[in-house]
Amino acid sequence: MDLNHPHQAQYSGVQQKDDDDDYHSHLPFSSSSGTQANDDHQPSEDEEAQLLSTEDYIEQFELDDNTDTSSPPFVTTKHSRSHSKSRLSPIYRLLTFLSGSSHPHRQTLTPFLLPSVQSLPRLTLERLLSQPWQRAALLSIGLLLWLTILSVSLIQSKGTLLYSDGEGGGEVVRHLDCVSTFWGPGNECGVDGERCRPFGNVSFAFRCPADCRQVQVLNPRWVGGQEVVYKPWVIGGGDYGNGSAAAGGLTAAGTETRVYRGDSFICQAAMHAGVISDSKGGCGVVKLVGEYYSFFGGEGGEGISSLGFDSYFPMGFTIHPALTGPGECPQMEMKTARSLAPTILLTSLVSLLTTSATTLWFTSFIAVFAHVGLISDPPNVSGPSNTILPQLMSILFERLLPATFTSAVLFWTCSRSTTLRAIPPSANLEKTVLWLGSLWIGALSNFTLESWIPLSRLSAHDLSHQPGAVAALVAIVAVLCVTIAYQAYSFWLEGRVLPYLALYGVLLAGIAVGAVISVRGLGTLELRIHHYVLALLLLPLTSIQTRPALAYQGLLLGLFINGIARWGFDSVIQTAEALRGDDGLLGSSLVPLVDGQPLVYLSEALVETPELWSIAFKWKGINETIEALMPQIHGRGREEAERLWGLSVMVNDVERHRRFFAEEALEDQVFRWERDPRMVMTPEYFRFAFLGEDGRSLDYSGAGTWFGNGTWSSGPGYY
């Protein structure tokens with residue numbers, strides 16, 4: 001980097017010259033006329049010696065300001081003052097070092113390769129459209145054309161769609177999101193699943209979005225005696241064996257129809273069945289078949305492996321191809337040219353043809369934000385297909401307006417006068433590749449980053465349980481450290497380190513306050529650094545015009561766009577309930593303890609029915625439970641016991657018993673479960689939990705198993 005560049009010298013506050021001769025021409029002795037003129041005013045050697053002697057004399061006997069004149073004067077010598085400076089030298093040296101290079105200069109982007117080729121698009125545009133209003137009109141036409149193409153594609157892919165079964169007429173297809181299901185987690189469906197009825201004899205046409213294959217359950221769930229986490233949530237649909245629908249349902253044994261348990265994610269089940277694809281999404285018809293026995297797992301379409309469940313569940317469903325008329329369920333391919341080409345083409349042309357940082361920033365921001373919020377990573381919405389596009393548009397504008405304001409602040413403070421400032425047309429191609437290319441990588445992070453970084457959330461549970469999470473975090477931190485160190489060096493060269501140290505001191509203080517609130521503070525509040533917050537924290541470090549800074553700024557702005565368009569402005573201080581989600585563990589330390597072993601016996605039945613097998617459970621009281629669990633709960637039980645309102649029992653992942661302590665004390669409650677050994681020859685799984693004030697269950701225990709032969713086994717996590 002040439003330190004003597006004119007604008008670099010101006011930035012550093014020192015007027016420099018490229019030629020040494022020009023520099024010497026300004027000195028008094030550099031010309032004969034100047035020498036002659038100054039000879040008359042130069043002191044003689046005797047005068048100089050006398051002046052020096054006087055200065056030394058005064059310096060030797062200089063009075064200290066704090067010296068009492070009534071006493072003999074304190075003599076301050078050169079040695080004593082240099083000794084005083086040496087005591088301050090560590091701080092002085094540190095501040096001097098942090099203030100930057102002794103010759104600070106602004107770094108600018110100069111063309112690296114083929115500058116004439118890089119400037120050709122801009123020069124051609126200026127020859128064809130020499131007036132600024134003509135170029136503004138061209139930009140307006142381009143934006144209008146892009147908006148038209150985007151609108152047509154959205155109407156085709158997310159507009160109203162009618163289902164036709166080939167017999168005329170049609171019904172509105174229902175749009176699902178990737179996690180849509182018939183049966184909610186935990187005890188959401190209520191006792192015996194009453195809130196999720198009907199269980200069978202229902203069918204409807206549906207449409208699924210693209211890119212549902214990578215969806216996983218991030219919180220532990222139970223399938224019988226198996227705990228599942230970080231896997232797709234598809235149960236059944238494998239080899240059929242002897243599976244059959246219960247009386248009143250549709251018979252699926254011996255056919256090619258795959259039967260899935262009612263709480264499976266419908267869109268993932270449709271991919272597993274081969275009805276839709278992951279890249280395009282698609283349409284299908286789902287049919288509820290009522291109670292079903294023995295859901296077999298296995299490999300299916302799109303590489304999805306389903307889970308097995310060797311017992312019965314009150315709801316099963318099948319997936320079938322859908323006939324949707326001539327359009328046959330048009331879908332946009334999220335990762336292919338059809339959806340990406342219009343927006344990528346628009347932003348690339350703007351980057352190549354303009355030198356205006358304002359035009360590039362805001363055109364790219366709004367276009368990419370709309371693409372993410374409507375196409376590549378839209379929010380989860382579901383309902384009749386004629387309501388989906390209005391829902392998405394409403395959410396988009398709700399988030400776009402505050403995001404644009406935030407973007408304007410970021411542009412004004414981090415890019416306008418630094419990163420994107422006055423990049424010459426001869427470097428437009430490099431600007432497009434580095435800044436715009438990185439912006440797209442960040443905006444499409446659900447395809448480009450999240451798919452290969454095994455770290456879904458920065459939480460203690462994910463770090464300890466998700467495979468590869470710790471290694472991924474270490475790698476990310478290492479990359480961040482190297483990046484921040486390089487950026488700090490670049491700021492040091494420009495003499496701008498101290499202001500940014502002050503800025504990040506304030507930011508780190510704010511994070512520390514949030515951490516204190518999370519650890520010791522108000523109720524169940526927790527600090528959460530979302531990836532849009534991380535982008536905001538790091539963007540100031542990119543306010544410098546270097547090639548790495550261009551790439552970093554584009555990537556961080558893309559992450560900001562993806563975070564806001566997909567999830568909105570989530571708070572950095574959130575309640576544990578908001579972070580947990582619908583299926584997250586509550587972290588409850590108390591679970592009901594069975595008093596002794598369950599009692600298995602033959603119950604008396606009516607004369608016309610055979611004998612039934614029964615199992616009965618009775619529980620210890622609250623105080624006994626706390627004392628028994630004291631080694632595990634570390635004194636938290638007393639406080640938690642005050643918030644317990646009842647008891648819940650799960651059988652085969654369906655709530656079968658719910659009783660509040662106001663109606664019957666815990667130690668007085670008895671739960672009996674019966675079965676016909678001729679009909680039920682599969683194991684049954686029992687789990688227990690306390691109820692909170694709102695009737696929602698706390699964390700369930702591990703599963704105990706009542707096998708088909710009548711024997712009982714307490715599994716891991718069962719008390």
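A disulfide is a pair of cysteine sulfur atoms within 2.5 Å. The model is predicted, so local features need pLDDT of at least 70 and side-chain atom pairs count only at pLDDT 80 or more, while totals for chains, interfaces and linings use all residues. Residues are numbered from 1 along each chain as its sequence is written, and side-chain values use heavy atoms, without hydrogens and water.

**Exercise 1.** Describe the link of cysteine 208 and cysteine 267.

Solution.
- Step 1: the S to S distance is 2.0 Å, and a disulfide joins cysteine 208 to cysteine 267.
- Step 2: the value about the S-S bond is -90°, and the link is left-handed.
- Step 3: cysteine 208 has a relative accessible area of 0% and is buried (buried is under 20%, exposed over 50%, partly exposed in between; 1.4 Å probe, protein chains only).
- Step 4: cysteine 267 also counts as buried, at 0% relative accessibility.

**Exercise 2.** State whether cysteine 414 and cysteine 481 are buried or partly exposed.

Solution.
- Step 1: cysteine 414 has 4% relative accessibility, so it counts as buried.
- Step 2: cysteine 481 has 48%, so it counts as partly exposed.

**Exercise 3.** Work out which disulfide joins cysteine 178, and how it is twisted.

Solution.
- Step 1: the partner is cysteine 212, with the sulfur atoms 2.0 Å apart.
- Step 2: the link has -75° about the S-S bond and is left-handed.
- Step 3: cysteine 178 is buried at a relative accessible area of 10%, and cysteine 212 is buried at 1%.
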